[in-house]
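Hi,

Here is the structure I promised to pass on. Have a look at it first, and then read my notes below.

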Amino acid sequence: MTSRRNTIVGVISDTHAILRPEAVAALRGSDLIVHAGDVGKPEVIEQLRRMAATFIVRGNVDTGSWAAALPMTERVEAGGLSFFVLHEIAQLDLDPAAAGYAAVVFGHSHMPAIETRDGVLFLNPGSAGPRRFKLPVTVALITVSGKRLRPEIVTLQV
């Protein structure tokens, strides 16, 4: 009997040029990492790529030549399932269920959220960068096990 290994997807967004050691620790062990935009500087990407395969979309603060190559949206395969990644959920211009996506990952609002719509996971990991208002500083982990997704928001103690 073959045991199937789970796939761990680390999800981070809105770092705004800050990659906190607490975020690195929370993402350690991820099989792949998704950054849902507002990276802030290329060094954040370099650090994440040293940890795992990393997929990044461009956010509204990602300007300059270093960010020009970042896509606005990305299709990410994780454990046999497809995730659609973009920065601002308001710019979603497709029906993710009809397109066969298991999840939509986004950022921008700095508010962590886990919701299921039409069988599709909608996940905002919140912001791992500068604290805004009274919002927590967070990342997320998604465990992919077969066709099942188990999302979790991880509050960083900063």
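**Parallel strands and their crossovers**

Val9 has Leu32 in β2 as its bridge partner. That pair belongs to a parallel pairing of strand β1 (residues 7–12) with β2, which runs over four bridges. Between these two strands the chain passes through α1, and the resulting β-α-β crossover is right-handed. Before I go on, please keep in mind that this is a predicted model.

β2 covers residues 32–35, and its side chains split two ways: Leu32 and Val34 point to one side, Ile33 and His35 to the other. Both sets are buried. β2 also pairs with strand β3 (residues 53–56), again parallel and again through four bridges. Here His35 has Ile56 in β3 as its bridge partner. With α2 in between, β2 and β3 form a right-handed β-α-β unit.

**Helix α2**

Which residues of α2 are buried? Val44, Ile45 and Leu48 are. Looking down the helix axis, the buried residues of α2 sit within an arc of 100 degrees, so they line one face of the helix. What they pack against is β1, α1, β2 and β3.

**Two nonpolar cores**

The largest nonpolar core has 21 residues. Those with the most contacts inside it are Ile12, Leu19, Ala23, Leu27, Leu48, Val139 and Leu156. At least two residues each come from α1 (21–27), α2 (42–51) and β9 (138–145). The top contributor is α1, with four residues. A separate core of 20 residues lies apart from that one, and its members include Val34, Val57, Leu121 and Ile142.

If you want one residue to click on in the largest core, try Val139, which is among those with the most contacts inside it. Beyond its neighbours within four places in sequence, Val139 is in contact with Val11, Ile12, Ala23, Ala26, Leu27, Pro125, Ala128, Glu152, Ile153, Val154 and Leu156.

Val76 is another one to click on. You'll find Val76 in strand β4 (residues 73–78), and at 0% relative accessibility it counts as buried. Leaving out residues up to four places away in sequence, Val76 touches Leu32, Val34, Phe55, Leu81, Ser82, Phe83 and Val85. In contrast to those contacts, Gly29 sits 18 Å from Val76, C-alpha to C-alpha, with their positions 47 residues apart in sequence.

**Histidines**

Is His87 buried or exposed? His87 has 3% relative accessibility, and because the cut-off for buried is under 20%, it counts as buried. His87 lies in the loop between β5 (81–86) and β6 (103–105). Its side chain has two polar partners to look at. One is the backbone oxygen of Ala36, which the side chain of His87 reaches at 2.7 Å. The other is the side chain of His108, joined to that of His87 by a polar contact of 3.2 Å.

His110 is found in the loop between β6 and β7 (113–117). His110 is buried too, at 3% relative accessibility. What caught my eye there is the backbone: phi of His110 is positive, near 70 degrees, in a residue other than glycine.

**Other positive phi values**

Asp14 is not a glycine either, yet it has a positive phi of about 50 degrees. Asp14 belongs to the loop between β1 and α1, and at 0% relative accessibility it counts as buried.

Asp118 is the other aspartate to check. Asp118 takes a positive phi near 50 degrees in the hairpin of β7 and β8, where two residues lie between the strands. The pairing of β7 with strand β8 (residues 120–124) is antiparallel and has five bridges. Within that pairing, Arg117 stands opposite Val120 in β8.

**An exposed lysine**

Last stop: where is Lys147? Lys147 is in the loop between β9 and β10 (148–155). With a relative accessible area of 75%, Lys147 is exposed, because the cut-off for exposed is over 50%. Its C-alpha atom is separated by 7.1 Å from that of Leu81, although Lys147 and Leu81 are 66 residues apart along the chain.

Cheers

Note on methods. Residues numbered from 1 in each chain as written. Predicted model: local features only at pLDDT ≥ 70, side-chain atom pairs only at ≥ 80, totals over all residues. Heavy atoms only, no water. Core = buried A, V, L, I, M, F, W, Y, C linked by side-chain atoms within 4.5 Å. Buried < 20%, exposed > 50% of the residue type's maximum accessible area, 1.4 Å probe, protein only. Contact = heavy atoms within 4.5 Å. Pairing = 2+ DSSP bridges. Right-handed = clockwise from strand over helix to strand, strands pointing away. Arc of directions from axis to C-beta. Polar contact = N/O pair within 3.5 Å; in protein donor to acceptor, adjacent residues only side chain to side chain.
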